[in-house]
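Visitor: Hi, could you walk me through this one while I have it open?
Guide: Happy to, let's pull it up.

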Amino acid sequence: MATKMKPAKQARERYPDEYKAEAVKLADKAGATAAASELGIQSSQIYSWRTKIHQAESSSETENRHLSEYAELKRKFAGQKEEVALLKTASAYFAKNQK
């Protein structure tokens with residue numbers, strides 16, 4: 001009885017981030033199916049790369065928005081601290097001069 005030999009698994013090919021970004025740009029221009037056939041990869045791979053790139057962009061945009069809001073709140077807080085210090089000084093002055 002002959003035993004069947006399993007074919008060896010192919011190692012997954014790893015692509016650099018620049019290649020992925022260029023593939024997504026090409027897919028945006030020519031379409032995912034056309035870009036995939038031109039690059040010799042599956043169109044689902046391009047869709048996956050596109051999703052990951054958009055998620056990374058949106059999270060960095062969100063982070064930048066939070067940082068700018070934080071800076072604005074910090075400026076407002078510093079201004080209010082100055083106002084409180086001025087009011088404390090003024091109330092101490094008037095309380096001293098009322099007697």
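**Core and helices**

Guide: This is a predicted model. Its largest nonpolar core has 9 residues in all: Ala23, Val24, Ala27, Ala32, Ala35, Ala36, Ile41, Ile46 and Trp49.
Visitor: Which helices supply at least two residues of this core?
Guide: Helix 1 (17-30), helix 2 (32-39) and helix 3 (43-97) each do.
Visitor: And what is alanine 36 in contact with, leaving aside its neighbours within four places in sequence?
Guide: Alanine 36 is in contact with Ile41, Gln42, Ser43 and Ile46.
Visitor: Back to helix 1. Which of its residues are buried?
Guide: Ala23, Val24 and Ala27. Viewed down the axis of helix 1, the buried residues fall within an arc of 100 degrees, so they line one face of the helix. They pack against helix 2 and helix 3.
Visitor: What does the face turned away from the buried side carry?
Guide: That face of helix 1 carries the exposed residues Glu18, Asp28 and Lys29. Just after helix 1, glycine 31 has a positive phi of about 105 degrees.
Visitor: New topic: how many aromatic pairs are there?
Guide: The count comes to 4 aromatic pairs. One of them is tyrosine 15 with tyrosine 19, which is stacked, at 4.9 Å centre to centre and 15 degrees between the planes.
Visitor: Is tyrosine 15 buried or partly exposed?
Guide: Tyrosine 15 counts as partly exposed, at 22% relative accessibility; the cut-off for buried is under 20%. Tyrosine 19 is partly exposed too, with a relative accessible area of 27%.
Visitor: Which residues form an aromatic cluster?
Guide: Tyr15, Tyr19 and Trp49 form one, and Trp49 is also part of the largest nonpolar core.

Technical notes
Residues numbered from 1 in each chain as written. Predicted model: local features only at pLDDT ≥ 70, side-chain atom pairs only at ≥ 80, totals over all residues. Heavy atoms only, no water. Core = buried A, V, L, I, M, F, W, Y, C linked by side-chain atoms within 4.5 Å. Buried < 20%, exposed > 50% of the residue type's maximum accessible area, 1.4 Å probe, protein only. Helix = DSSP H or I, 4+ residues; strand = E, 2+ residues; numbered from the N terminus. Contact = heavy atoms within 4.5 Å. Arc of directions from axis to C-beta. Phe/Tyr/Trp six-rings, centres within 6.5 Å; stacked < 30°, edge-to-face > 60°.
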